[in-house]
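Here's a friendly tour of the empty spaces and ring contacts in one protein. Keep the structure open while you read, and find each spot as you go.

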Amino acid sequence: MSQPVSIVWFRQDLRVIDNPALFAAVEHGTIVPVYIFDSEIAEEEQPGGASNWWLHHSLESLNKRLNGHLQCFSGDPQTILCDLVSKFSANAVFWNRCYEPTVIERDKKIKQALRDSGCLVSSFNGSLLWEPMSIRKQDGGVYRVFTPYYRKGCLQASAPRYPSPAPTRITYADVSREGHTIQDAGLLPDIDWDSAFYDHWKPGEEGAADKLSDFIRHAARGYQEERNIPSVRGTSRLSPHLHFGEISPNQAWYALLNAFDDQGNSDLDCFLSELGWREFSYYLLFHFPTITEQNFNYQFDKFKWLNRQDDFIAWSKGQTGIPIVDAGMRELWQTGYMHNRVRMIVGSFLVKNLLIDWRKGERWFWDCLVDADRASNAASWQWVAGSGADAAPYFRIFNPVLQGEKFDKQGAYVKTYCPELKHIPDKYLHKPWEAPKEVLNKAGITLGKDYPKPIADLKQTRQRALDAYADTKEN
Ligand SMILES: Cc1cc2nc3c(=O)[nH]c(=O)nc-3n(C[C@H](O)[C@H](O)[C@H](O)COP(=O)(O)OP(=O)(O)OC[C@H]3O[C@@H](n4cnc5c(N)ncnc54)[C@H](O)[C@@H]3O)c2cc1C
(Lines give C-alpha, C1' and ligand atoms only; values in the text may rest on other atoms or scores of the structure.)
Protein backbone atom coordinates (compact mmCIF):
# COMPACT_ATOMS: atom_id res chain seq x y z
CA MET A 1 0.00 0.00 0.00
CA SER A 2 1.35 3.50 -0.83
CA GLN A 3 2.28 5.76 2.08
CA PRO A 4 0.16 8.81 2.95
CA VAL A 5 1.39 12.04 1.36
CA SER A 6 1.85 15.22 3.31
CA ILE A 7 2.89 18.74 2.39
CA VAL A 8 5.60 20.46 4.42
CA TRP A 9 5.17 24.19 4.07
CA PHE A 10 8.57 25.84 4.68
CA ARG A 11 8.48 29.46 5.84
CA GLN A 12 10.97 30.91 8.33
CA ASP A 13 12.43 27.49 9.05
CA LEU A 14 14.68 26.85 6.05
CA ARG A 15 16.49 23.89 7.56
CA VAL A 16 16.37 20.14 7.93
CA ILE A 17 17.93 19.71 11.39
CA ASP A 18 15.69 20.41 14.40
CA ASN A 19 12.68 21.13 12.22
CA PRO A 20 9.61 19.88 14.13
CA ALA A 21 7.20 20.20 11.17
CA LEU A 22 9.49 18.28 8.83
CA PHE A 23 10.08 15.67 11.50
CA ALA A 24 6.33 15.12 12.02
CA ALA A 25 5.70 14.97 8.27
CA VAL A 26 8.40 12.35 7.75
CA GLU A 27 6.85 10.24 10.53
CA HIS A 28 3.50 10.58 8.76
CA GLY A 29 4.67 9.26 5.38
CA THR A 30 6.08 10.64 2.13
CA ILE A 31 6.44 14.38 1.72
CA VAL A 32 6.17 17.23 -0.76
CA PRO A 33 8.26 20.19 0.49
CA VAL A 34 6.96 23.57 -0.69
CA TYR A 35 7.80 27.25 -0.34
CA ILE A 36 5.28 29.97 -1.21
CA PHE A 37 6.05 33.60 -2.08
CA ASP A 38 2.98 35.22 -0.55
CA SER A 39 1.62 37.76 -3.04
CA GLU A 40 -1.16 38.80 -0.66
CA ILE A 41 1.10 40.15 2.03
CA ALA A 42 0.93 43.93 2.61
CA GLU A 43 3.56 45.97 0.80
CA GLU A 44 5.27 47.15 4.00
CA GLU A 45 5.70 43.55 5.07
CA GLN A 46 7.22 42.36 1.80
CA PRO A 47 10.87 41.49 2.44
CA GLY A 48 13.41 44.22 1.65
CA GLY A 49 16.18 43.99 -0.94
CA ALA A 50 18.84 42.43 1.31
CA SER A 51 16.36 39.91 2.72
CA ASN A 52 15.38 38.89 -0.80
CA TRP A 53 19.03 38.33 -1.66
CA TRP A 54 19.35 36.10 1.38
CA LEU A 55 16.11 34.25 0.70
CA HIS A 56 17.19 33.42 -2.84
CA HIS A 57 20.38 31.74 -1.67
CA SER A 58 18.79 30.17 1.36
CA LEU A 59 16.11 28.49 -0.77
CA GLU A 60 18.76 27.20 -3.15
CA SER A 61 20.63 25.74 -0.23
CA LEU A 62 17.48 24.14 1.21
CA ASN A 63 16.60 22.72 -2.18
CA LYS A 64 20.00 21.03 -2.29
CA ARG A 65 19.45 19.59 1.21
CA LEU A 66 16.14 18.20 -0.07
CA ASN A 67 17.79 16.64 -3.12
CA GLY A 68 16.09 19.09 -5.49
CA HIS A 69 12.57 18.31 -4.29
CA LEU A 70 11.61 21.79 -3.04
CA GLN A 71 8.69 23.18 -5.05
CA CYS A 72 8.24 26.96 -5.15
CA PHE A 73 5.02 28.85 -5.78
CA SER A 74 3.92 32.41 -5.89
CA GLY A 75 0.43 33.67 -5.04
CA ASP A 76 -2.18 33.33 -2.32
CA PRO A 77 -0.97 30.58 0.07
CA GLN A 78 -4.50 29.39 0.89
CA THR A 79 -5.44 28.85 -2.73
CA ILE A 80 -2.10 27.25 -3.51
CA LEU A 81 -2.14 24.86 -0.55
CA CYS A 82 -5.75 23.80 -1.15
CA ASP A 83 -4.93 23.13 -4.83
CA LEU A 84 -1.79 21.18 -3.97
CA VAL A 85 -3.59 19.02 -1.42
CA SER A 86 -6.00 17.87 -4.08
CA LYS A 87 -3.43 17.66 -6.91
CA PHE A 88 -1.00 15.55 -4.86
CA SER A 89 -3.72 13.64 -2.99
CA ALA A 90 -2.14 14.79 0.25
CA ASN A 91 -4.00 14.16 3.47
CA ALA A 92 -1.90 16.37 5.75
CA VAL A 93 -0.09 19.71 5.85
CA PHE A 94 2.63 20.53 8.36
CA TRP A 95 4.31 23.85 9.15
CA ASN A 96 6.20 25.69 11.88
CA ARG A 97 4.49 28.72 13.36
CA CYS A 98 5.36 32.38 12.61
CA TYR A 99 4.45 35.16 15.02
CA GLU A 100 3.86 38.31 12.97
CA PRO A 101 0.23 39.37 13.65
CA THR A 102 -0.88 39.38 10.01
CA VAL A 103 0.72 36.01 9.42
CA ILE A 104 -1.05 34.55 12.47
CA GLU A 105 -4.38 35.76 11.06
CA ARG A 106 -3.59 34.37 7.61
CA ASP A 107 -2.49 31.01 8.99
CA LYS A 108 -5.63 30.63 11.12
CA LYS A 109 -7.77 31.00 8.00
CA ILE A 110 -5.63 28.58 6.02
CA LYS A 111 -5.77 26.03 8.82
CA GLN A 112 -9.56 26.25 8.91
CA ALA A 113 -9.95 25.98 5.13
CA LEU A 114 -7.69 22.93 4.96
CA ARG A 115 -9.41 21.27 7.90
CA ASP A 116 -12.80 21.96 6.31
CA SER A 117 -11.60 20.06 3.27
CA GLY A 118 -10.83 17.06 5.48
CA CYS A 119 -7.09 17.55 5.68
CA LEU A 120 -5.02 17.05 8.81
CA VAL A 121 -3.12 20.25 9.70
CA SER A 122 -0.45 20.46 12.39
CA SER A 123 1.71 23.43 13.30
CA PHE A 124 4.74 23.49 15.61
CA ASN A 125 7.07 25.83 17.41
CA GLY A 126 10.23 25.80 15.34
CA SER A 127 11.66 29.27 15.87
CA LEU A 128 11.37 30.36 19.49
CA LEU A 129 12.71 29.07 22.78
CA TRP A 130 9.48 30.05 24.55
CA GLU A 131 6.34 30.90 22.63
CA PRO A 132 4.83 34.28 23.56
CA MET A 133 1.53 32.78 24.71
CA SER A 134 3.29 30.53 27.23
CA ILE A 135 4.97 33.28 29.28
CA ARG A 136 2.79 35.24 31.70
CA LYS A 137 3.28 37.12 34.93
CA GLN A 138 2.02 35.44 38.09
CA ASP A 139 -1.15 37.54 37.94
CA GLY A 140 -1.71 36.45 34.33
CA GLY A 141 -0.57 39.79 32.90
CA VAL A 142 1.93 40.41 30.13
CA TYR A 143 5.54 41.42 30.87
CA ARG A 144 6.70 44.80 29.57
CA VAL A 145 10.18 44.82 31.04
CA PHE A 146 12.93 42.55 29.76
CA THR A 147 14.66 41.41 32.97
CA PRO A 148 11.60 40.02 34.79
CA TYR A 149 10.29 38.62 31.49
CA TYR A 150 13.50 36.72 30.91
CA ARG A 151 14.61 35.85 34.44
CA LYS A 152 11.24 35.17 36.05
CA GLY A 153 9.15 34.31 33.02
CA CYS A 154 11.40 32.38 30.65
CA LEU A 155 14.15 30.94 32.82
CA GLN A 156 11.66 29.64 35.34
CA ALA A 157 9.38 28.10 32.71
CA SER A 158 10.10 24.68 31.19
CA ALA A 159 13.53 24.38 29.57
CA PRO A 160 13.52 24.94 25.79
CA ARG A 161 13.07 21.87 23.60
CA TYR A 162 16.34 19.98 23.06
CA PRO A 163 17.12 20.09 19.32
CA SER A 164 16.53 16.98 17.26
CA PRO A 165 18.85 15.73 14.49
CA ALA A 166 17.82 15.71 10.81
CA PRO A 167 15.35 12.91 9.98
CA THR A 168 17.33 9.74 9.23
CA ARG A 169 15.47 9.25 5.98
CA ILE A 170 13.16 11.50 4.03
CA THR A 171 10.93 9.88 1.43
CA TYR A 172 9.59 12.18 -1.24
CA ALA A 173 6.17 11.63 -2.78
CA ASP A 174 6.31 10.79 -6.45
CA VAL A 175 4.42 13.83 -7.73
CA SER A 176 4.63 16.08 -10.76
CA ARG A 177 6.70 19.27 -10.58
CA GLU A 178 4.44 22.29 -10.27
CA GLY A 179 5.19 25.94 -9.65
CA HIS A 180 8.36 27.68 -10.77
CA THR A 181 12.06 27.85 -10.07
CA ILE A 182 13.74 29.94 -7.40
CA GLN A 183 15.32 32.10 -10.15
CA ASP A 184 11.85 32.88 -11.55
CA ALA A 185 11.01 34.72 -8.35
CA GLY A 186 13.51 37.44 -9.32
CA LEU A 187 14.81 37.99 -5.79
CA LEU A 188 18.32 39.13 -6.66
CA PRO A 189 18.86 42.90 -6.97
CA ASP A 190 19.00 44.51 -10.43
CA ILE A 191 21.82 46.80 -9.36
CA ASP A 192 25.35 45.75 -8.42
CA TRP A 193 24.79 46.12 -4.70
CA ASP A 194 25.32 42.66 -3.35
CA SER A 195 28.85 41.86 -4.57
CA ALA A 196 30.43 42.18 -1.11
CA PHE A 197 27.63 40.22 0.54
CA TYR A 198 29.22 37.04 -0.79
CA ASP A 199 32.44 37.76 1.15
CA HIS A 200 30.57 37.95 4.41
CA TRP A 201 27.74 35.46 4.21
CA LYS A 202 26.89 31.95 3.21
CA PRO A 203 23.10 31.68 3.48
CA GLY A 204 21.77 28.22 4.33
CA GLU A 205 22.02 25.59 7.00
CA GLU A 206 25.70 24.86 6.40
CA GLY A 207 26.62 28.55 6.63
CA ALA A 208 24.68 28.80 9.88
CA ALA A 209 26.46 25.79 11.38
CA ASP A 210 29.84 27.25 10.34
CA LYS A 211 29.02 30.58 11.99
CA LEU A 212 27.97 28.85 15.21
CA SER A 213 31.08 26.68 15.42
CA ASP A 214 33.38 29.63 14.56
CA PHE A 215 31.77 31.63 17.31
CA ILE A 216 32.14 28.84 19.87
CA ARG A 217 35.78 28.29 18.90
CA HIS A 218 36.94 31.89 18.63
CA ALA A 219 34.65 34.39 20.30
CA ALA A 220 32.22 32.89 22.82
CA ARG A 221 34.78 33.26 25.62
CA GLY A 222 35.19 36.99 25.97
CA TYR A 223 31.77 37.71 24.40
CA GLN A 224 30.59 40.02 27.16
CA GLU A 225 33.46 42.47 26.53
CA GLU A 226 34.23 41.95 22.87
CA ARG A 227 30.62 42.13 21.71
CA ASN A 228 30.89 45.90 21.95
CA ILE A 229 33.92 46.32 19.71
CA PRO A 230 32.79 46.70 16.10
CA SER A 231 36.20 46.06 14.56
CA VAL A 232 36.53 42.55 16.02
CA ARG A 233 34.52 39.42 15.36
CA GLY A 234 33.21 39.37 18.90
CA THR A 235 29.65 38.27 18.15
CA SER A 236 28.11 35.25 16.45
CA ARG A 237 26.65 36.85 13.29
CA LEU A 238 23.87 34.32 13.57
CA SER A 239 21.05 36.89 13.21
CA PRO A 240 20.17 36.35 9.52
CA HIS A 241 20.48 32.58 9.93
CA LEU A 242 18.13 32.73 12.93
CA HIS A 243 15.72 35.01 11.11
CA PHE A 244 15.38 32.63 8.16
CA GLY A 245 15.36 29.63 10.46
CA GLU A 246 18.49 28.04 9.01
CA ILE A 247 19.35 27.28 12.60
CA SER A 248 16.94 27.18 15.52
CA PRO A 249 17.57 29.23 18.65
CA ASN A 250 17.44 25.88 20.45
CA GLN A 251 20.50 24.68 18.52
CA ALA A 252 22.39 27.86 19.46
CA TRP A 253 21.19 27.75 23.08
CA TYR A 254 22.25 24.15 23.74
CA ALA A 255 25.46 24.36 21.69
CA LEU A 256 26.58 27.21 23.94
CA LEU A 257 25.48 25.46 27.12
CA ASN A 258 27.41 22.36 26.05
CA ALA A 259 30.48 24.39 25.09
CA PHE A 260 30.78 26.04 28.51
CA ASP A 261 31.29 23.49 31.25
CA ASP A 262 31.23 26.30 33.82
CA GLN A 263 27.49 27.13 33.97
CA GLY A 264 26.95 30.63 35.34
CA ASN A 265 29.86 31.92 33.26
CA SER A 266 29.19 35.59 32.49
CA ASP A 267 30.02 35.29 28.77
CA LEU A 268 27.57 32.40 28.51
CA ASP A 269 24.86 34.24 30.46
CA CYS A 270 25.33 37.33 28.35
CA PHE A 271 24.99 35.43 25.05
CA LEU A 272 21.94 33.49 26.24
CA SER A 273 20.31 36.72 27.37
CA GLU A 274 20.84 38.18 23.88
CA LEU A 275 18.87 35.24 22.54
CA GLY A 276 16.42 36.26 25.26
CA TRP A 277 16.16 39.75 23.71
CA ARG A 278 15.18 38.11 20.45
CA GLU A 279 12.45 36.20 22.32
CA PHE A 280 11.33 39.40 24.04
CA SER A 281 10.97 41.16 20.67
CA TYR A 282 8.66 38.39 19.43
CA TYR A 283 6.80 38.46 22.73
CA LEU A 284 6.19 42.19 22.37
CA LEU A 285 5.11 41.86 18.74
CA PHE A 286 2.70 39.07 19.66
CA HIS A 287 1.11 40.88 22.58
CA PHE A 288 1.34 44.41 21.15
CA PRO A 289 0.91 43.89 17.39
CA THR A 290 1.05 47.60 16.57
CA ILE A 291 4.67 48.07 17.69
CA THR A 292 5.84 47.91 14.08
CA GLU A 293 3.99 51.14 13.28
CA GLN A 294 2.91 52.87 16.45
CA ASN A 295 4.80 54.18 19.44
CA PHE A 296 4.56 51.67 22.26
CA ASN A 297 4.57 54.69 24.58
CA TYR A 298 1.81 56.80 23.06
CA GLN A 299 3.28 59.95 24.67
CA PHE A 300 5.62 59.98 21.67
CA ASP A 301 2.66 60.45 19.32
CA LYS A 302 2.93 64.15 20.10
CA PHE A 303 6.65 64.30 19.40
CA LYS A 304 7.54 66.95 16.85
CA TRP A 305 9.88 65.27 14.38
CA LEU A 306 11.78 67.48 11.97
CA ASN A 307 12.07 64.77 9.31
CA ARG A 308 14.39 66.77 7.03
CA GLN A 309 14.86 64.78 3.84
CA ASP A 310 18.43 66.02 3.14
CA ASP A 311 19.50 64.90 6.64
CA PHE A 312 17.90 61.52 6.08
CA ILE A 313 19.69 61.08 2.75
CA ALA A 314 23.06 62.05 4.27
CA TRP A 315 22.46 59.54 7.08
CA SER A 316 21.41 56.69 4.80
CA LYS A 317 24.36 57.23 2.48
CA GLY A 318 26.94 57.44 5.29
CA GLN A 319 27.70 61.09 4.53
CA THR A 320 26.90 62.83 7.81
CA GLY A 321 30.46 63.89 8.58
CA ILE A 322 30.33 61.95 11.89
CA PRO A 323 32.81 59.10 11.28
CA ILE A 324 31.33 56.32 13.43
CA VAL A 325 27.85 57.02 12.05
CA ASP A 326 29.10 57.03 8.46
CA ALA A 327 31.13 53.87 9.00
CA GLY A 328 28.04 52.09 10.32
CA MET A 329 25.79 53.20 7.49
CA ARG A 330 28.39 52.18 4.92
CA GLU A 331 28.91 48.81 6.61
CA LEU A 332 25.15 48.30 6.33
CA TRP A 333 25.07 49.17 2.64
CA GLN A 334 28.14 47.14 1.73
CA THR A 335 27.58 44.02 3.81
CA GLY A 336 23.86 43.94 4.67
CA TYR A 337 24.80 44.00 8.36
CA MET A 338 25.77 46.49 11.04
CA HIS A 339 27.35 45.82 14.39
CA ASN A 340 24.87 46.11 17.29
CA ARG A 341 26.78 48.86 19.13
CA VAL A 342 26.85 50.90 15.93
CA ARG A 343 23.15 50.25 15.24
CA MET A 344 22.47 51.95 18.58
CA ILE A 345 24.76 54.87 17.72
CA VAL A 346 23.36 55.53 14.24
CA GLY A 347 19.81 55.06 15.55
CA SER A 348 20.31 57.56 18.35
CA PHE A 349 21.91 60.04 15.93
CA LEU A 350 18.97 59.79 13.52
CA VAL A 351 16.22 60.01 16.07
CA LYS A 352 17.75 62.40 18.59
CA ASN A 353 20.35 64.58 16.86
CA LEU A 354 18.47 64.81 13.56
CA LEU A 355 14.95 64.49 15.02
CA ILE A 356 13.89 62.03 12.33
CA ASP A 357 11.05 59.65 13.14
CA TRP A 358 12.32 56.18 14.14
CA ARG A 359 9.97 54.63 11.57
CA LYS A 360 12.07 56.08 8.74
CA GLY A 361 15.18 54.45 10.19
CA GLU A 362 13.29 51.22 10.69
CA ARG A 363 12.27 51.20 6.99
CA TRP A 364 15.83 51.83 5.79
CA PHE A 365 17.12 49.01 7.96
CA TRP A 366 14.26 46.82 6.74
CA ASP A 367 15.46 47.22 3.17
CA CYS A 368 19.20 46.96 3.81
CA LEU A 369 19.67 44.39 6.59
CA VAL A 370 20.11 40.73 5.75
CA ASP A 371 18.73 40.03 9.24
CA ALA A 372 15.76 42.42 8.87
CA ASP A 373 13.14 41.08 11.22
CA ARG A 374 9.72 42.59 11.95
CA ALA A 375 9.96 41.89 15.67
CA SER A 376 13.62 42.68 16.45
CA ASN A 377 13.83 45.67 14.12
CA ALA A 378 10.72 47.43 15.40
CA ALA A 379 11.41 46.62 19.06
CA SER A 380 15.04 47.76 18.76
CA TRP A 381 14.18 51.01 16.96
CA GLN A 382 11.60 51.81 19.60
CA TRP A 383 14.19 50.97 22.25
CA VAL A 384 16.64 53.43 20.69
CA ALA A 385 13.96 56.11 20.26
CA GLY A 386 12.85 55.81 23.87
CA SER A 387 9.28 55.09 22.81
CA GLY A 388 9.42 51.33 23.34
CA ALA A 389 8.78 48.85 26.12
CA ASP A 390 11.71 48.88 28.56
CA ALA A 391 13.40 51.41 26.27
CA ALA A 392 16.54 53.46 26.77
CA PRO A 393 15.34 56.70 28.39
CA TYR A 394 14.95 59.44 25.78
CA PHE A 395 17.31 61.78 27.62
CA ARG A 396 20.17 59.27 27.34
CA ILE A 397 21.58 60.52 24.05
CA PHE A 398 24.58 58.67 22.65
CA ASN A 399 27.50 60.97 21.91
CA PRO A 400 28.93 59.44 18.72
CA VAL A 401 32.38 60.93 19.33
CA LEU A 402 32.68 59.45 22.82
CA GLN A 403 31.19 56.17 21.62
CA GLY A 404 33.75 56.02 18.82
CA GLU A 405 36.62 56.86 21.16
CA LYS A 406 35.50 54.20 23.63
CA PHE A 407 34.57 51.33 21.33
CA ASP A 408 36.74 52.02 18.29
CA LYS A 409 39.83 53.37 20.04
CA GLN A 410 42.33 52.88 17.25
CA GLY A 411 39.70 53.62 14.65
CA ALA A 412 40.05 50.25 12.92
CA TYR A 413 36.32 50.13 12.23
CA VAL A 414 36.04 53.70 10.97
CA LYS A 415 39.11 53.28 8.77
CA THR A 416 37.63 50.15 7.17
CA TYR A 417 34.46 51.89 6.02
CA CYS A 418 35.71 55.47 5.71
CA PRO A 419 39.14 54.82 4.19
CA GLU A 420 39.47 58.49 3.25
CA LEU A 421 40.08 59.16 6.97
CA LYS A 422 42.85 56.61 7.41
CA HIS A 423 45.69 59.14 7.76
CA ILE A 424 43.97 61.25 10.39
CA PRO A 425 45.68 60.84 13.79
CA ASP A 426 43.71 58.86 16.40
CA LYS A 427 43.14 62.01 18.43
CA TYR A 428 40.93 63.50 15.70
CA LEU A 429 39.66 60.44 13.92
CA HIS A 430 36.23 60.56 15.55
CA LYS A 431 35.98 64.37 15.30
CA PRO A 432 37.89 65.50 12.20
CA TRP A 433 36.19 68.92 12.35
CA GLU A 434 38.27 69.69 15.44
CA ALA A 435 41.59 68.88 13.75
CA PRO A 436 43.82 71.88 12.93
CA LYS A 437 44.10 72.68 9.25
CA GLU A 438 47.70 71.47 8.99
CA VAL A 439 46.72 68.09 10.49
CA LEU A 440 43.95 67.73 7.92
CA ASN A 441 46.30 68.83 5.13
CA LYS A 442 48.85 66.24 6.17
CA ALA A 443 46.12 63.57 6.20
CA GLY A 444 45.08 64.63 2.70
CA ILE A 445 41.62 65.74 3.80
CA THR A 446 39.68 68.85 2.97
CA LEU A 447 36.43 68.79 4.89
CA GLY A 448 33.47 69.36 2.61
CA LYS A 449 35.43 67.91 -0.32
CA ASP A 450 37.09 64.60 0.62
CA TYR A 451 34.87 63.98 3.61
CA PRO A 452 31.68 65.85 4.64
CA LYS A 453 31.56 68.56 7.24
CA PRO A 454 29.29 67.39 10.10
CA ILE A 455 25.62 67.90 9.26
CA ALA A 456 24.80 68.47 12.91
CA ASP A 457 26.44 70.22 15.83
CA LEU A 458 26.34 67.48 18.44
CA LYS A 459 25.99 69.77 21.44
CA GLN A 460 23.28 71.95 19.98
CA THR A 461 21.25 69.10 18.53
CA ARG A 462 21.47 67.25 21.83
CA GLN A 463 19.90 70.21 23.59
CA ARG A 464 17.33 70.56 20.81
CA ALA A 465 16.34 66.92 21.31
CA LEU A 466 15.99 67.37 25.05
CA ASP A 467 13.84 70.46 24.51
CA ALA A 468 11.63 68.63 22.01
CA TYR A 469 11.19 65.81 24.51
CA ALA A 470 10.34 68.25 27.31
CA ASP A 471 7.70 69.84 25.04
CA THR A 472 6.15 66.44 24.40
CA LYS A 473 5.87 65.75 28.10
CA GLU A 474 4.36 69.14 28.87
CA ASN A 475 1.72 69.20 26.12
C1 LIG B 1 18.17 49.97 15.63
C2 LIG B 1 18.37 48.47 15.72
C3 LIG B 1 17.76 47.63 14.78
C4 LIG B 1 17.91 46.24 14.86
N5 LIG B 1 17.31 45.45 13.92
C6 LIG B 1 17.42 44.09 14.00
C7 LIG B 1 16.80 43.25 13.03
O8 LIG B 1 16.11 43.69 12.12
N9 LIG B 1 17.01 41.90 13.15
C10 LIG B 1 17.75 41.37 14.16
O11 LIG B 1 17.91 40.13 14.21
N12 LIG B 1 18.31 42.14 15.10
C13 LIG B 1 18.19 43.48 15.06
N14 LIG B 1 18.79 44.27 16.01
C15 LIG B 1 19.42 43.63 17.18
C16 LIG B 1 20.93 43.33 17.06
O17 LIG B 1 21.62 44.47 16.62
C18 LIG B 1 21.26 42.16 16.15
O19 LIG B 1 20.45 41.05 16.48
C20 LIG B 1 22.72 41.73 16.29
O21 LIG B 1 23.56 42.82 15.99
C22 LIG B 1 23.01 40.58 15.38
O23 LIG B 1 24.37 40.26 15.39
P24 LIG B 1 24.86 38.87 15.97
O25 LIG B 1 24.07 37.77 15.37
O26 LIG B 1 26.33 38.80 15.81
O27 LIG B 1 24.47 39.02 17.51
P28 LIG B 1 24.99 38.27 18.81
O29 LIG B 1 25.54 39.30 19.73
O30 LIG B 1 25.87 37.13 18.48
O31 LIG B 1 23.64 37.75 19.48
C32 LIG B 1 23.10 36.46 19.23
C33 LIG B 1 21.68 36.58 18.73
O34 LIG B 1 20.86 37.19 19.72
C35 LIG B 1 19.85 38.00 19.08
N36 LIG B 1 20.02 39.39 19.51
C37 LIG B 1 21.16 40.00 19.90
N38 LIG B 1 20.90 41.27 20.29
C39 LIG B 1 19.58 41.46 20.11
C40 LIG B 1 18.70 42.57 20.33
N41 LIG B 1 19.13 43.73 20.83
N42 LIG B 1 17.40 42.43 20.02
C43 LIG B 1 16.93 41.26 19.52
N44 LIG B 1 17.71 40.17 19.31
C45 LIG B 1 19.01 40.27 19.60
C46 LIG B 1 20.08 37.89 17.58
O47 LIG B 1 19.21 36.90 17.08
C48 LIG B 1 21.54 37.45 17.50
O49 LIG B 1 21.84 36.73 16.33
C50 LIG B 1 18.67 45.68 15.94
C51 LIG B 1 19.27 46.53 16.86
C52 LIG B 1 19.13 47.90 16.76
C53 LIG B 1 19.78 48.78 17.80
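What follows is a briefing on pockets, a cavity, aromatic contacts and a few single residues. Keep in mind that this is a predicted model. The largest pocket holds about 1,300 Å³ of space, while the second largest pocket holds about 640 Å³. There are also 40 aromatic pairs to explore.

**The largest pocket**

- Rolling a probe the size of a water molecule over the atoms shows where empty space is left.
- In the largest pocket, 48 residues make up the lining, and those nearest the centre are Arg227, Glu274, Trp277, Asn340 and Ser380.
- Four elements each give two or more residues to this lining: α9 (239-243), α11 (266-287), α14 (340-353) and α16 (374-385).
- If you sort the lining of the largest pocket by character, you get 25 nonpolar, 14 polar and 9 charged residues.
- Why does the largest pocket lie between domain 2 and domain 3? Domain 2 (128-162 + 204-287) and domain 3 (298-474) both give residues to its lining, so the pocket lies between them.

**The second largest pocket**

- Now move on to the second largest pocket, with its volume of about 640 Å³.
- The second largest pocket has 28 lining residues, and Tyr35, Ile41, Glu45, Pro47 and Leu55 are the closest to its centre.
- The elements giving two or more residues to this lining are β1 (5-10), β2 (30-38), α2 (49-65) and α4 (101-116).
- Which element gives the largest share of the lining of the second largest pocket? That's β2, with 4 residues.
- Here the lining splits into 15 nonpolar, 7 polar and 6 charged residues.
- Domain 1 (5-126) and domain 3 (298-474) both give residues to the lining of the second largest pocket, so this pocket lies between those two domains.

**The cavity**

- Searching the whole structure turns up 1 cavity of 30 Å³ or more.
- The largest cavity contains about 80 Å³ of space.
- Its lining includes Gln12, Asp13, Asn96 and Arg97, and also Leu242, His243, Arg278 and Tyr282.
- Helices α9 and α11 are the elements that give two or more residues to the lining of this cavity.
- By character, the cavity lining divides into 4 nonpolar, 4 polar and 4 charged residues.
- Domain 1 (5-126) and domain 2 (128-162 + 204-287) each supply at least three residues to the lining of the largest cavity.

**Aromatic rings and charges**

- A pair of aromatic rings is described by the distance of the centres and the angle of the planes.
- There are 40 aromatic pairs in the structure, and one of them joins Trp193 and Phe197 in an edge-to-face arrangement, 5.4 Å centre to centre with 70 degrees between the planes.
- Both Trp193 and Phe197 are buried.
- Tyr223 and Phe271 have ring centres 5.4 Å apart and planes at 80 degrees, so this pair is edge-to-face.
- Tyr223 sits in helix α8 (residues 223-226) and Phe271 in helix α11, so their pair ties together parts that are 48 residues apart in sequence.
- Buried or exposed: what is Tyr223? Tyr223 counts as buried, because its relative accessibility is 5%.
- Phe271 has a relative accessibility of 4%, so Phe271 counts as buried.
- Rings can have charges over them too: the charged end of Arg343 sits over the ring of Tyr337, 5.1 Å from the ring centre.
- Arg374 lies over the face of Trp366, and here the distance to the ring centre is 5.6 Å.

**Single residues to look up**

- Arg341 belongs to helix α14, and it counts as buried because its relative accessibility is 13%.
- Between the C-alpha atoms of Arg341 and Glu246 there are 25 Å, and along the chain these residues are 95 residues apart.
- Asn67 isn't a glycine, yet its phi is positive, near 50 degrees.
- You'll find Asn67 in the loop between α2 and β3 (71-75), and it is exposed, with a relative accessible area of 59%.
- Arg237 also has a positive phi, about 55 degrees, although it is not a glycine.
- The place to look for Arg237 is the loop between α8 and α9, and this residue is buried, with a relative accessible area of 8%.

Notes. Residues are numbered from 1 along each chain as its sequence is written. This is a predicted model: local features need pLDDT of at least 70, side-chain atom pairs count only at pLDDT 80 or more; totals for chains, interfaces and linings use all residues. Side-chain values use heavy atoms; hydrogens and water are left out. On a 1 Å grid over the protein atoms alone, a cavity is a set of points where a 1.4 Å probe fits but cannot get out, and a pocket is an open set with protein on both sides within 12 Å along at least five of seven lines; lining residues have an atom within 4 Å of a point. Grid points are joined across faces, edges and corners, and a volume is the space filled by probe spheres set on the points. Ala, Val, Leu, Ile, Met, Phe, Trp, Tyr, Cys and Pro count as nonpolar, Asp, Glu, Lys and Arg as charged, and the others, Gly among them, as polar. Domain bounds come from an automatic or database domain assignment. Rings of Phe, Tyr and Trp (its six-membered ring) pair if their centres lie within 6.5 Å; planes under 30 degrees apart count as stacked, over 60 as edge-to-face and the rest as tilted. Buried means under 20% relative accessible area, exposed over 50%, partly exposed in between (1.4 Å probe, protein chains only). A charge sits over a ring if NZ of Lys or CZ of Arg is within 6 Å of the ring centre and within 35 degrees of the ring normal.
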